[in-house]
Structures are given as structure tokens and as C-alpha cells.
Amino acid sequence: MRFVQSFLLLFIFLTQPVFASKQPFNIEKLAGNLGVVWGMDFVDADRIIFTQREGRVGLLDLSNNRVTWISGVPEVHAEGQGGLLDVAIPPNYAETGWIYFTYSKPDLLQAQTTLARAKLQKTSLIDWQDLLVSDSASFRNIHFGSRIAFDGKGHVFFSIGDRGERSNAQNLTNHAGSVIRLNMDGSVPKDNPFVGNSKARDEIWSYGHRNPQGLYYDQKTDRLWEIEHGPQGGDEINLIQKGKNYGWPIVSQGKEYFSSTDVGVKHKQGMEEPVKVYIPSIAPCDLMVYHGREFPDWESNLLTGALKLQHLNRITLNGQLLAIGEHRYLQDLHQRIRSLAVDVTGRIYVGTDSGNIYRLTSPSRH
């Protein structure tokens, strides 16, 4: 039975239609020359806070499209894929004022993916707190992750890559290659899956991940979605569940970079199957489940950016949560799509490695 299920999943992966779709929106450039716009979120209806990978935080005022740079950011390890990574506004921001960040914290010649929070006071970040300096140090400047998500129930999730050391992802005694779940103050929830296990870290929620650079908690359905970079081919969208093993590097749909041989096996009992695999790789970054009035036909679709293949990627799901369609937009920009955000009306905002932020709106609504 397991073989039949795996065969059907592989058939869906290989036969799923991919559309280089006509652009169903207007696009407006709001700001440029910002560096790599790694993460962004809405502070309020008129202001976007964003991170620049090199180590700066900016505020984009949508009333006049002016950018203000914010002080109070700590030193970051801006080498290779490291630097100042995600920024996220929690559901209880109006009450607490906390803004959450992930970054590569320097430690001699190494760096560790770190979750932190701070408060915004005019044009400064104050009360900076490192909530978890993860056990993910590596001399390789790759696979830091890292995205942030909130469940609206008092928990924060963030992702960490395997740091270029594959065995980390199956080793529960470190944090690398995992999705972490904490209380909002950085303490460990008592119901985390490995609490009390002397051979695992209490903070781990799921493991077996290569380099997860997209994470989104859909509060409408109570589902946690993740997207991660595979090797040569094999990018994955996963539905994350408590305590589950997502396979890397034992299971992968990708191949080695220099020999084109398979990495591991395609399927293995006890390891979770992805919802979608990208072959060839698109190099995905950021992830959201779309909810909004601006694009009603996109309701509950998954959106991600593509770095290597440089487009906005939209995935439709069926009732069994299998990916059944894929659309690709913004190829004409020829830019690496790094970060995504959506406002209260459903308009979509896109940040790129070329230092630009764009807004997408529906032609039929304007």
C-alpha cells in the first residue's frame, strides 16, 4: 500500500501542470536601492518594516513611499547566505509592541541562527532580546533558514537549515535542520514533542529539513506550511506536523550537484511525504497562504518567491491538500523574488534581491 501511495505522489509531481501565466495584476514599484530585501511585514496599515540582509532595518511609508532606516540593530554575520534574515509582526503586536527577527549571530569564525525580538520606538529598535541562540554553529556560511510564523495561540515558530552539514537534520541533539516552536517570550512549551527526551532538544517541533526559507501558519485552518530548498532539484512544500521527520538527507527527490546521482532514497516508511516537489529546482523563498479580497480566485492558494528561476509561484491545492496546479508570474522582472507580504485588503507586496519592493493589485478592482 505504501508503494502505491508513493507511486501516485510521484505521478502527481511529474504530471502537474505548470503555467507561465499572463500577468493578472497591475504592478507598481514602491521603492528601490534597498539591498537584499530578506523579510518584510506590516507594522500598521501604512508602514512596512523590512530587513536588508547586510544588517539594516527599514520602514517604508506607503503614504509617500519614503524609506527611513532604523537604528538599534545588533551586529550580524553577513557572509554567504547569512545576515539579517526575517522580520515578523505577531498577532498581539498592538498590546505588546514586540517585533520578531531572525539573524545570523556572529561567534568567532562561525554563526548561529538566532531568534530575537525588539520594540520600535520612533526610528530606533529598543530592548533587543535574543530569545534563542540556536545550537547550529558551522564553519559553512550556508543554510541558515530562516522564517518566522505565529499560531495566534501564544507560540512562535522559526526554521533553521542544516548549515551545510547534512547529518545535522537527523540529529535531534542540535537545532539545525529543524522547525523550532517556542512561547512568545522564548520559553519552551510543555507540550513540545521532545520535552523530557534526553536525546533531543526541547525546542524542536519537526526535523529532517535541508534549508527551510518559507514558513507560514494559516490561522484559518490551523495548518503550518513550510517550503525548503532541495539540492539539484527536489525543493519541497511540506505540511508540518508535531514531532514528524521530513526525511533529509535520508529521503530526497533531488540529486547531487556534481554527479547527478540521487541523494538518499525517494520514499521511506516513517518519513513524511511532501505536498509538492519542484523538479527542476526553483530555489524557493518565503511562503504564504493567500487570503484577501484583492484576488478572490487565489483564495487559499500558496504563494512563494523563486530565486533561481526568478518568478512569483502560485500553487493550487485540492481537498486532500495535494498540489494540483502551478502558475508562474513576474518572469519579465528578471529578479530574484525573496520576500512576500499582504495587506488587510489582500494586495500583495514583493521584495527582491535587486533591492526593490513592488505592489501587486487587481486590474478589476481599481
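How many nonpolar, polar and charged residues are there in the lining of the largest pocket? By class, that lining has 23 nonpolar, three polar and eight charged residues. Before we go further, keep in mind that what you're looking at is a predicted model.

Let's stay with that pocket for a moment. Its volume comes out at about 990 Å³. Of the 34 residues lining it, those closest to the centre are Asp41, Ile89, Tyr216, Gln219 and Val342, so if you want to find the spot on screen, pick those five; they're counted as nonpolar, polar or charged because of residue type alone. As for where the walls come from, several strands chip in with at least two lining residues each: S3 (37–44), S7 (84–88), S11 (148–150), S15 (212–218), S19 (284–289) and S23 (337–342). Strand S3 makes the largest contribution, with six residues.

Now swing over to the second largest pocket, which has a volume of about 530 Å³. Here 29 residues form the lining, and Gln81, His143, Arg210, His229 and Tyr257 sit nearest the centre. The class make-up of this second lining is nine nonpolar, 10 polar and 10 charged residues.

Two of those names, Arg210 and His229, are worth holding on to as we turn to the enclosed space. A search of the whole structure turns up one cavity of 30 Å³ or more, and the volume of the largest cavity is about 40 Å³. Arg210 and His229 are both in its lining, together with Glu228, Gly230, Pro231, Gly234, Glu236, Trp248, Val251 and Ser252. Sorted by class, the cavity lining splits into three nonpolar, four polar and three charged residues.

From the empty spaces, on to the packed ones. The largest nonpolar core has 19 residues, and Tyr100, Leu115, Ile148, Val156 and Phe158 have the most contacts inside it. Strands S8 (98–107), S10 (124–133), S11, S12, S13 (178–183) and S14 (204–207) each give two or more residues to this core, with S12 providing the largest share, three residues. Strand S11 has turned up before, as one of the strands that supply the lining of the largest pocket.

Leu115 is a good place to see how this core is put together. Leaving aside neighbours within four places in sequence, Leu115 is in contact with Tyr100, Ile148, Val156 and Phe158, and also with Phe101, Thr102, Gln129, Asp130, Leu131, Leu132 and Leu182. Apart from this core lies another one, of 17 residues, including Ile49, Val57, Val76 and Ile99.

Strand S12 deserves a second look, since it also holds Ser159 (the strand covers residues 155–160). Is Ser159 buried or exposed? With 0% relative accessibility, Ser159 counts as buried, because anything under 20% falls in that class. What does the side chain find in there? A polar atom of the Ser159 side chain lies 3.0 Å from the backbone nitrogen of Arg147, and the backbone oxygen of Pro212 is 2.9 Å from a polar atom of that side chain. Arg147 and Pro212 both appear among the residues Ser159 touches beyond four places in sequence, alongside Thr113, Phe144, Gly145, Ser146, Ser178, Val179 and Leu215.

Three more residues round out the tour. Pro274 is in the loop between strand S17 (235–240) and strand S18 (276–278). Pro274 has 5% relative accessibility, so it counts as buried. Along the chain, Pro274 and Ile227 are 47 residues apart, and their C-alpha atoms are separated by 9.4 Å.

Gln310 also belongs to a loop, the one between strand S20 (302–306) and strand S21 (311–317). With a relative accessible area of 25%, Gln310 is partly exposed. Not counting neighbours within four places in sequence, Gln310 makes contact with Leu330, Gln331, His334, Gln335 and Arg336. Gln310 and Ala149 are 161 residues apart in sequence, and C-alpha to C-alpha they are 24 Å apart in space.

Finally, look past strand S25 (357–361): Ser362 lies in the segment after it. Ser362 is buried, at 6% relative accessible area. Beyond four places in sequence, Ser362 touches Asn26, Glu294 and Phe295.

Technical notes
Residues numbered from 1 in each chain as written. Predicted model: local features only at pLDDT ≥ 70, side-chain atom pairs only at ≥ 80, totals over all residues. Heavy atoms only, no water. 1 Å grid on protein atoms, 1.4 Å probe; cavity = no way out; pocket = protein on both sides within 12 Å on 5 of 7 lines; lining within 4 Å. Points joined across faces, edges and corners; volume = space filled by probe spheres on them. Helix = DSSP H or I, 4+ residues; strand = E, 2+ residues; numbered from the N terminus. Buried < 20%, exposed > 50% of the residue type's maximum accessible area, 1.4 Å probe, protein only. Polar contact = N/O pair within 3.5 Å; in protein donor to acceptor, adjacent residues only side chain to side chain. Contact = heavy atoms within 4.5 Å. Core = buried A, V, L, I, M, F, W, Y, C linked by side-chain atoms within 4.5 Å.
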